[in-house]
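The following exercises are to be worked with the sequence and the predicted model at hand. Each task is followed by a solution in steps.

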There are 2 protein chains.
Amino acid sequence: MKTDRRTFVKTTAIAGAAFSILPASVLFGQDKAPKVRLGFIGVGLRGQNHLDLALRRNDVEVVALCDIQQRMMDMSLNLVQKAGKPKPQVILDGPHGYRKMLENKNIDAVIISTPWEWHTVQCLDAMNAKKYVGCEVITGTTIEECWELVQTSERTGMPLMMLENVCYRRDVMAVLNMVRQNIFGELVHLQGGYQHDLREVKFNDGVKPYGGGVEFGEKGFSEAQWRTEHSVHRNGDLYPTHGIGPIAMMININRGNRFTELVSYSSKARGLHDYIVKTAGENHPNAKINFKLGDVVTTMIKCANEETILLQHDTNLPRPYSIGFRVQGTNGLWMDVNKSIYIEGMSKQAHRWEDAQPWLDKYDHPLWKKYANDAAGAGHGGMDWFVLNAFIESIKRKTPPPMDVYDAVAWSAITPLSETSIRLGGETLAFPDFTKGQWMHRKNTFARDDSY
Amino acid sequence: MKTDRRTFVKTTAIAGAAFSILPASVLFGQDKAPKVRLGFIGVGLRGQNHLDLALRRNDVEVVALCDIQQRMMDMSLNLVQKAGKPKPQVILDGPHGYRKMLENKNIDAVIISTPWEWHTVQCLDAMNAKKYVGCEVITGTTIEECWELVQTSERTGMPLMMLENVCYRRDVMAVLNMVRQNIFGELVHLQGGYQHDLREVKFNDGVKPYGGGVEFGEKGFSEAQWRTEHSVHRNGDLYPTHGIGPIAMMININRGNRFTELVSYSSKARGLHDYIVKTAGENHPNAKINFKLGDVVTTMIKCANEETILLQHDTNLPRPYSIGFRVQGTNGLWMDVNKSIYIEGMSKQAHRWEDAQPWLDKYDHPLWKKYANDAAGAGHGGMDWFVLNAFIESIKRKTPPPMDVYDAVAWSAITPLSETSIRLGGETLAFPDFTKGQWMHRKNTFARDDSY
């Protein structure tokens, strides 16, 4: 009996470890130096960052570009030309033009860099069209969308990787390396967030992407055209993934651990109105808008392994940028806001912070050691190179992406859960288990070595 | 009609402003240089700090000392002798010996520095005996105790001041000064807490007060004799007042604002067990204890004026000391962990932290400017001098203490509320209004000038 049960458990665990989403057939070329044929859905400023990096790679062909604005397409074609690469298929055919692109059989994978509210439908359409999907952050603005992404990825066998670049930030990867070498001991509490004064992103003059006016929506340009509407209508942690992604990887979320509960509180909303009045006066029409998004939204998450996570979303007030990382265990802690670390028995003085940089240098992640030169000059301090590289390499190597659909939706689901928690007056909500129990068996394969 | 209503409102507001607790008769001497006659309930290490400061004052007579331990009494009498002051009445008569001291008609006021669980009954007995009460932090370990303190103070007319010294920390008072001069704009979000590695306070060798062993309770010494039991049996923010006191004064809690809701999450509890095993091995009997107190307890509070407050209690893990203050408004923010500030339009570089110290110097509070020399050498960087001074001066001047019974219980009530919230799985709880509506009318008189 006992042996039978052990055998069953062992077999199940092995099945679980192997539980991954990959297509049955490999779509791209079978030659020794395979090239991934990419299509871009959305080549606004963010899409152009990815395009620029893709154009530099010899293992990528840029096959098609899709957008809804001539200005962005012209900028993108200019990048292609400068890179000396062949002109791709160009689709400028309204918001659903991307569907025409998905019919292109020469495309293996798509990069989606569109407004948040378009991510889910485009991911779904792309997976259904048997394309690998690399999608910019926020995949799913409702819990139902999150489930649909999981079900579609499982049904079609097509992987979805959310392109969460902060998972590849150099200091974050060094700290992940330290976590795995048990420097912090058992992890107990973690913090992150998105504390970024976005007022000049949410408002501009309709010409420049950043600042110079208080316009948004139809009168705005770039992100102000769509992102600001979320601050008008929604109240919650609207942008959790930069903070939660790296934390989730450190404590093996969806891989032996999972988020179990969440609660959010929101402060008053003053910052955006205040900015409009300060910039354009009380009589500007936008001064009448009632922005729903609280200036500081604080979220607490509890995990199956009893860690607590604190997330802060703070994008409406004047402040220096900070993700606000804190990684704390039984041996000590790291914080990024004061660039400091303390490890008992290793730090020079008891009870005293020390500069984190020598530690970050010492524990520099193998991936950064290997690829720092390749990443140099890429966006956001180089981390954009790593996240695109991981997407491309996982396709080439026929392995699951290091961050998969379960990560994408678990991290994104924080937004709708926090909105509901706030709406219910600070109610703790159960966190869905998008892995349907597989989190107990799955293994963390993120950045385990220097391969990708 | 309209005039009538206005008159009514005005009258009510004035009545509210005058709503304060003061005894009908003045107990202490009527001469021009009144002396406050003090009795000390509890002269352990903390009580001795207060005693030492009282002995230096010419406006105080130390009339009586009460404790349960000969060792602490001997240390205290030594302090009296060194100060060249007359030997006070000495009461060493078990845990209820203080009641004998309260019968002494020559005592105007008492300072209570005993274990938390004794504070309420001693405060109640002292107010009923018509003594002014200055009580060390944590007044009320249950909501019922908080209400009883309020009711007794109101009934007897005797003020209760909780001796929350961090309200007088120099940087905190400078920031309060900045808040009142609108440097931060409208306040939106605030943070504080108690992040202090107390492992060598919670455990010692029974001889020294700090460290050297893993004993507590009957085998421990000083705080380890009683404080550690709270970590064995309770899970919540056990020590909120150092963080919340200064914040409460900045946003006028109980004076035009109040705490309305609270929720707490607790991390796993690993630190204390880990410390015992690291220090004394797995076979030490205390390694078997199941400590209930989560290593990091995070609490969110919402206020009537829609500010959010984040509190963190973190006393079981190796870490540098930090209250973790953050004061954030529509113009910018200050944080203590990185010793930095950012004020839009005033800070030198946009989006960049700057050193807070020049700001703290510039906005040094009038009280500190006036009394820094007097406070020099007093405990906790001088702030202990200010809190005792405020207690004594408010008695001499026949004014309500700057922090009153409503503050004492609102700040202390965070503990039982956080315990209940955690026990209920992270439920948001309504915060009692201990002022019974008077918070709408009361005025903030804390440190308004350089008087006390």
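**Exercise 1.** With which residue does Lys268(B) form a salt bridge?

*Solution.* The partner of Lys268(B) is Glu307(A), and the closest N and O atoms lie 3.5 Å apart. A salt bridge requires such atoms within 4 Å, so this pair qualifies. The count between chain A and chain B is 12 salt bridges. In addition, 34 residue pairs are in polar contact across the interface.

**Exercise 2.** Determine how the two chains are related and through which surface they meet.

*Solution.* Step 1: chain A is superposed on chain B by a rotation of 180° with 0.0 Å of shift along the axis, at an RMSD of 0.0 Å. The copies are therefore related as by a two-fold rotation axis. Step 2: within chain A, Asn338(A) comes closest to this axis, its C-alpha being at 2.3 Å. Step 3: 100% of the interface residues of chain A are also interface residues in chain B, so the copies meet through the same surface.

**Exercise 3.** Describe the extent of the contact and the part taken by strand β8(A).

*Solution.* Step 1: chain A and chain B contribute 55 residues each to the contact, and the area buried between them is about 4,500 Å². Tyr265(A), Lys268(A) and Met300(A) supply 17% of the area that chain A buries against chain B. Step 2: β8(A) gives the most to the side of chain A that touches chain B, with 6 residues. Step 3: in β8(A), residues 259-266, 7 of the 8 residues are buried. This strand pairs in the antiparallel sense with β9(A) over 7 bridges and with β15(A) over 2 bridges. Leu262(A) stands opposite Ile301(A) in β9(A) and opposite Leu429(A) in β15(A).

Key:
Residues numbered from 1 in each chain as written. Chains lettered and ligands numbered in written order. Predicted model: local features only at pLDDT ≥ 70, side-chain atom pairs only at ≥ 80, totals over all residues. Heavy atoms only, no water. Buried < 20%, exposed > 50% of the residue type's maximum accessible area, 1.4 Å probe, protein only. Helix = DSSP H or I, 4+ residues; strand = E, 2+ residues; numbered from the N terminus. Pairing = 2+ DSSP bridges. Least-squares fit on C-alpha atoms with pLDDT ≥ 70 in both. Contact = heavy atoms within 4.5 Å. Buried area = accessible area lost by both parts, 1.4 Å probe. Salt bridge = Lys/Arg side-chain N within 4 Å of Asp/Glu carboxyl O. Polar contact = N/O pair within 3.5 Å; in protein donor to acceptor, adjacent residues only side chain to side chain.
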